[in-house]
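Me: Could you take one corner of this model and walk me through it closely? I'd like the local backbone and burial first, then whatever helps to place it against the rest of the chain.

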Amino acid sequence: MIPKLAPFHDLEQLYVTFLQELAQRGFKGEIKSDFSNRVALSTDNSIYQVLPQGVVYPTSKDDLVTLAKLAGEDTFKDVVITPRGGGTGTNGQSLTDGVVVDISRHMNKVLEINAEERWVRVQTGVVKDQLNAALKPFNLFFAPDLSTSNRATIGGMINTDASGQGSCVYGKTRDHVLELETVLSDGTLLSTRALEPEERSAVLAGDSRSDQLHALVDDIFVSNQALIDEVFPPLNRCMTGYDLAHIHDQEGRLNLNNVLCGSEGTLGLIAEAKLNVLPIPRLSALVLVKYADFNSSLRDATELMRANPTSVETIDSKVLGLAMQDFIWHQVEEFFAGENTDAVRGINLVEFTAEDETSLQQKIDGLTALLETGIAHQGNTTDFNADTFTPSGRLGYSIALGRDAVNRIWTMRKRAVGLLGNAPGEARPIPFVEDTAVPPENLADFILEFREILDSYQLQYGMFGHVDAGVLHVRPALDMKDPKQEDIAWEISDRIADLCHQYGGLLWGEHGKGVRSEYAPKFFGALYPQLQKIKAAFDPHNQLNPGKIATPSAEIELLKIDGVPTRGQHDRQVSQAAWNSFSDAVYCNGNGACYNWNPADAMCPSYKGTRDRIHSPKGRASLVRSWLKMLSDQEVDPDQALKSSSILQTPGKFLRSLNKKRNDDFSHQVYDAMAGCLSCKACASQCPIKVDVPEFRAKFIALYHTRYLRPLKDYLVGTLEFVLPWCAKVPALYNGVMSARLVKTVLEKWVGFVDGPLLSKNRLHNIPIASARRINKLSPEQRQKTVVIVQDAFTSYFEAPLVQDLAELIRTMGFTPLLAPYKANGKPLHVHGFLKGFQRVAQRNTRMLHSIAQAGLPLVGVDPSMTHTYRMEYKKFLPEGTEAPQVQLIQEWLADNIEALKHVQFRGGQRFTLLPHCIEQSHATKARDLWADIFTAAGQQLDTQSLGCCGMSGTYGHEARNRDTSRKIYQLSWHNSVDAHEADELLATGYSCRSQVKREAQKHIRHPLQALLSLAAHNVDSSR
Ligand SMILES: Cc1cc2nc3c(=O)[nH]c(=O)nc-3n(C[C@H](O)[C@H](O)[C@H](O)COP(=O)(O)OP(=O)(O)OC[C@H]3O[C@@H](n4cnc5c(N)ncnc54)[C@H](O)[C@@H]3O)c2cc1C
Ligand code: SF4
Ligand code: SF4
């Protein structure tokens, strides 16, 4: 049994009073000081972990003013506040031991789009991709790009002056900021924009707080121009925090925005921004130039720039290799078709954009002419021979034409960045020297020396970069749990900082400084005191994100890279047994890919539905890491605790569960976070680190219930698969009882279960069972023409007509369908943490399915989610050496037998839209796409829409506590598509999805096989 885990009660009285007072002052957003909120926001993507005192979620500019005004009062002068956006910083920028101000949760509205004048006004919590989605109908876009565009906010981008691919043409975020509304540390509202000379004169003569700030900053620029020219390197990336070089912009206007950009929350809370937006280039193309070694690709980049591309990006073979093993690869593999990818050790991605086809083609031709001169094996690396390749090292190239193809490659590149954070073993790639920038012509030499330093420590690393801007990304692998390796990180940091300086470059080319501000005096030299003057004027009491960028006086020190608590220091307190037991959680590196804004992406529905970071894979993994540390403090081994649980503990559990609400146990907070997970498994495939929440959630729930009683609902759901065969003997009675209002009320109020489905009236009596006797009687020829349908509780009992239709389609194709004897699949047991029961079921079911498969009969599952359980959850629960049963998805079997399908006569050419199950979206994209081929073979047209989760996900949407979120998720992702189509045109592969559409939209939509069957010449009535 697990012990009680007291949450930290380490809140300082000053903060307790501050947060209480904030509530009194009319702050409208949430004010949180519970341990789980604090833990969820204690990390970003950096190596650091800092526990805040509290977290506030402002709803508006007014909330920010209320907050800052209170903080500005004398009593609270020691309160520290740090704004936060997407939390994707790589250097601890948004971490604090004070109050986190999470602007992203509510302040995420696009306020105004002026397409004619090409600007947009937003709240700063808007995510960059969200903004571009809103701009797309106007054919406009916000140009600065970054790899984290699906979760980083405009506020974060402004405050780190973010930039990325395309920066040589589009510049940095600063170049697109027109106006900012900033709340200063005393609650003053500061409006900033570029000031024309006469406006500047007026402001310099004024005496408001805003005027004074403008005057001070202007004076710093005017008085230090020579020094600024000397200190600021002439790089595309420029030196941020604070960008003194651009206080007067290119037109000579005084522009405080340029100081606020890159200020990392140290000068004010930026509430709103007016941004410049550009027309989306009409056409684009990307040339993938492949090299025999990475160094050649780097050196060649300068040459490629002669073709005037929009951008040139380089990736090395390690990054390419990671992408090749990822689900994303199938989207881009056509650009490597027939090639020996092992020979490719580096790639330059050269993008061109244009308004018309002729100029696009001219640009491409310009590059290819240049390439032709130095390629040993044009467009093909299969016969690569190291002795014959040309000095340029170019192996060949391929061309991706059109926006869609280009976007697919950039998506692969962006994702590969995250994948770099993954590696087997304890040494994991970490950011601390991850975004250096040097003049592009020095890049190759700089990298040689960089590599020498890393190699001297024998570290593993992968590299990629924006070679056009001289930016290199590298994350050496270190096990920060080991204090000696942590010291190596600090040593390397110092050495690389020196190297950057020596090459006339920067340690922070893109991601900002954060804790690395320690090096600011080194890079700013004699200008550093000017930064301090700015900080002192904006934030005299050092309350805003202190210790970063600059301190307000010489007496106050900046943070030190080795002086801030690290994740490694936290994690080394977790016992090895606990660490191993929860290996699906502990490696989360906080990159935030699971905060994905896009409703059409599978990850993560519970975060999208709540916008609560606790309800994201990262939130859950973070809570579990803290929970494991607490267990380790009490010397508890989770696996032992699970094994030692027994029925004799039930009375104790009963007593503990009685006063649960008063029982201050951190496990309750972790339980709440787990209970909100849909077990959709999107994280398990889409998280670059493969954090698998359903896997560790199941174990956590099992452990939680070694101490506390289970809710009745768990037993209802867990045993459903076993009792259904009995209920199905009296379907009318079952349906009558389940439809009775009293029963529904009891189920909702007492059991926590809503909208339970009703049994199908017709059962599957016309499909013979695949008994051993029947199978044995089959001749070898008959076996080749027999297919076994693997039943699952949901379709066999609640949607029997679908199983009948599957059997009918199989017959129509000239095969004989048999039904595998019904056995529980066990997924609901796994989801609810009945792990011992799940193991028994998995082993029993595997034996049965193996015995059928051994007779040479293909097994076909009906529901994608249940079928994937054999591929995913079963694996870990079978005895060593036992293979999981090979159960095909329906489309996989149909694709294998496409010739037989082609012999069926289908009535011609209808058009359908497929809404695939999210498990196919994230784990079986190839299989998902098979449906289109199958429909084409049947003479029909199928469009596949990528949507996120429908919000039902097994029994999640049937749990009363989840009903509202389930609905919200549906509204976000499925509602519009379902609304836009007639029910007849829509198809869905998942049982959950079909029932959610029925519940939320009162539409009955079919499985794709039912659409096919209804069009077959000898179809049966598929509306049973
Ligand atoms: C895998 C990976 C790839 C990355 N690739 C790139 C890249 O290509 N280019 C690039 O530029 N960066 C990149 N980054 C870094 C990071 O994504 C950017 O710095 C991004 O701009 C941060 O945005 P955010 O919303 O996550 O901000 P956060 O990390 O939450 O905050 C960043 C800073 O901004 C401040 N801040 C946030 N909002 C406000 C506000 N409204 N008012 C005042 N201060 C605020 C915070 O206090 C903090 O100092 C990458 C990071 C990761 C993990
Ligand atoms: S769970 Fe995965 S995607 Fe989310 S922050 Fe952690 S590592 Fe990144
Ligand atoms: S399983 Fe789905 S809902 Fe649960 S954490 Fe992973 S992505 Fe989110």
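**A buried loop and the ligand 3 shell**

Reply: Ser679 is a buried residue, with a relative accessible area of just 6%. Keep in mind that this is a predicted model. Ser679 sits in the loop that runs between α26 (666-675) and α27. Its backbone deserves a look too: phi is near 55°, a positive value in a residue other than glycine.

Now to ligand 3. It is surrounded by 14 residues, and the closest of them are Cys604, Arg620, Cys677, Cys680 and Cys683. By type, the shell splits into ten nonpolar residues, two polar and two charged. Four helices, α22 (605-610), α23 (617-633), α27 (682-686) and α28 (693-704), each put at least two residues into that shell.

Cys604, one of the closest residues, has its own backbone quirk. It is joined to Met603 by a cis peptide bond, with omega at about -20°. Cys604 belongs to the loop between α21 (583-586) and α22.

Of the helices in the shell, α28 is worth a pause. Twelve of its twelve residues are buried, so the helix is largely enclosed by the rest of the structure. The buried set includes the charged side chains Glu695, Arg697 and Lys699, along with Phe696, Phe700 and Tyr704. Its geometry checks out as well: at 1.5 Å a residue, the twelve residues should span 16 Å, and the end C-alpha atoms are 16 Å apart, which agrees.

Ligand 2 makes a handy comparison. Its shell holds 13 residues, with Cys588, Asn591, Gly592, Cys594 and Cys687 coming nearest. Here the split is eight nonpolar, four polar and one charged.

For context, here are two other backbone spots to set beside the ones above. Asp755 also has phi near 55°, a positive value in a non-glycine residue, and is found in the loop between α31 (741-751) and α32 (772-777). Is Asp755 buried or partly exposed? Asp755 is partly exposed, because its relative accessible area is 38%, and the buried class stops under 20%. The other spot is a cis peptide bond between Gly241 and Tyr242, with omega at about -5°; Tyr242 is in the loop between α9 (225-231) and α10 (257-260).

Further along the chain there is an open sheet of four strands, ordered β22-β21-β23-β24 with parallel pairing. β22 (816-819) and β24 (887-888) are the edge strands, each with a single partner, so one side of each has no neighbour in the sheet. Helix α37 (residues 835-854) packs on this sheet and touches β21, β23 (859-861) and β24, its direction making about 135° with that of β23. Strand β21 (residues 786-790) is joined to β22 by four bridges, and one partnership there puts Ile789 opposite Leu819.

For antiparallel pairing, look at β10 (residues 269-276), where seven of eight residues are buried. Strand β6 (residues 119-123) joins β10 through five bridges, with Val122 partnered by Ala273. Strand β8 (residues 177-183) pairs with β10 over six bridges, among them the one that links Glu179 to Lys274.

Methods:
Residues are numbered from 1 along each chain as its sequence is written. Chains are lettered from A and ligands numbered from 1 in the order in which they are written. This is a predicted model: local features need pLDDT of at least 70, side-chain atom pairs count only at pLDDT 80 or more; totals for chains, interfaces and linings use all residues. Side-chain values use heavy atoms; hydrogens and water are left out. Two strands pair if DSSP finds at least two bridges between them. Contact means heavy atoms within 4.5 Å. Axes are lines fitted to C-alpha atoms, for helices over the stretch in contact, and angles run from 0 to 180 degrees between N-to-C directions. A residue is near a molecule or strand if one of its heavy atoms lies within 4 Å of it. Buried means under 20% relative accessible area, exposed over 50%, partly exposed in between (1.4 Å probe, protein chains only). The expected span of a helix is 1.5 Å times one less than its number of residues.
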